[in-house]
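Me: Hey, I've got a protein model open and I'm a bit lost. Can you walk me through it?

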Amino acid sequence: MKSGVVAIAGAPNAGKSTFMNQVLGFKLAITSDKPQTTRHRLLGVYNEAEAQVVFFDTPGLHVPRRALNKVMVDTALATLEEVDAVLFMVEASRAGMEAGAKVAEIVARGGKPVVLALNKIDLLPRKQELLPLLEQAAGWGKWSALAPISALKGDGCERVLAELLALLPEGEPFFQPDVITDLSERFLVAELIREKVFRLTERELPYAVAVTVDEFLEPANQGQSTAITATIHVERPGQKAIVIGRGGAMLKKIGTAARLDMERLLGGPVYLDLFVRVEPKWSRQDKGLRKLGY
Ligand SMILES: Nc1nc2c(ncn2[C@@H]2O[C@H](COP(=O)(O)OP(=O)(O)OP(=O)(O)O)[C@@H](O)[C@H]2O)c(=O)[nH]1
Ligand SMILES: [Mg+2]
């Protein structure tokens, strides 16, 4: 048996969470086209007949400005110290390469073997554009392997898995084969709501949002609904107005989309009650961060 721990690290928006979901075949981590979507270290277990990989999806590495961002980056940096190998995710675009060049040294600093995946190659208009990008990435450091992939479509992901497995030690699996994560349903439900806010609202709003699940009542009988009460926290009254929307339209859209995902996750009907609250400056102060689960 091969068994080990792999951190998925890189700049924000590179496709780290998409890769983990693709490999697990399960939507564990929320994803969006806004950078800094992932805020926690997320554990996902991948099993093969002769191997187990414990993935840690991490927040994107960036220059932190607010207290929340500092916690996020610290989480990612601490994870890099604890693993057997690192999967360094880089978006194969001009902006993605610039961001990758900036964080390459940080990713390699821990001295762990690193597989670099050049992601989103499905977006490259021409195949010839790949080679110079691969050469550029090769120049950033000493990588155990370099692989072009599309985390969204799955292309190249098996090769990345094989390269990672080659770096892992022999050993007994850490988790039973039916375990996908250690994250609670409550946490995942809150994340699904946060994902809808990230996907459905614009510009700066997502960064001011945190979600708490206040009540999670499991159904008494099969077929009955799980009753969930949750709060979307924002920092300013204007943001609250945006999340609620005209006549409550935005909140309804967020709630419906989140509920459908929750029903898939929990395998049954969900009754969701959503509230919006202003918690001034929560993302800038330790007290606010603690209160909202960071
Ligand atoms: N076309 C295409 N889009 C991708 C691919 N991989 C990820 N994406 C998209 O890129 C965006 C960012 O993906 P995420 O998986 O959230 O990125 P991340 O690295 O986890 O980002 P943070 O959590 O913010 O650090 C999402 O809109 C994904 O759908 C890919 O291979 N091809
Ligand atoms: Mg992510």
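**A helix, a strand and the whole chain**

Reply: Sure, let's begin with helix α2, residues 67–81 (helices, H or I of at least four residues, and strands, E of at least two, are DSSP runs numbered from the N terminus). Its 15 residues should span 21 Å at 1.5 Å a residue, and its end C-alpha atoms are 22 Å apart, which agrees. The expected span is 1.5 Å times one less than the number of residues.

Me: Before we go on, what kind of model is this, and how is it numbered?

Reply: This is a predicted model, where local features need pLDDT of at least 70, side-chain atom pairs count only at pLDDT 80 or more, and totals for chains, interfaces and linings use all residues. Residues are numbered from 1 along each chain as its sequence is written, while chains are lettered from A and ligands numbered from 1 in the order in which they are written.

Me: Ok, back to α2. Which residues are buried there?

Reply: Leu-68, Asn-69, Met-72, Ala-76, Thr-79 and Leu-80 are buried in α2. They cover an arc of only 120° around the axis, which puts them on the same side of α2. That arc is taken from the directions from the helix axis to the C-beta atoms. Buried means 20 or more other C-beta atoms within 10 Å of a residue's own, exposed means 12 or fewer, and partly exposed is in between, with C-beta atoms placed from the backbone.

Me: And what's exposed on the other side of α2?

Reply: Asp-74 and Glu-81 are exposed there.

Me: What do the buried residues of α2 pack against?

Reply: They pack against β1 (2–10), β3 (51–57), β4 (85–91), α3 (94–109) and α9 (286–291).

Me: Tell me about β3. Which strands does it pair with?

Reply: β1 and β3 run parallel, joined by seven bridges, and Val-6 stands opposite Phe-55 in β3. Strand β2 (residues 42–48) pairs with β3 in the antiparallel sense, over seven bridges. Pairing takes at least two bridges found by DSSP between two strands.

Me: How many residues sit between β2 and β3?

Reply: Two, and the strands form a hairpin. Leu-43 stands opposite Phe-56 in β3.

Me: Is β3 enclosed or open?

Reply: Six of the seven residues of β3 are buried, so β3 is largely enclosed by the rest of the structure.

Me: Zooming out, how many helices and strands are there?

Reply: The protein chain has nine helices and nine strands. Of its 294 residues, 38% count as buried. Its C-alpha trace spans about 55 × 40 × 40 Å along the principal axes.

Terms used:
Two residues are in contact if their C-beta atoms, placed from the backbone, lie within 7 Å.
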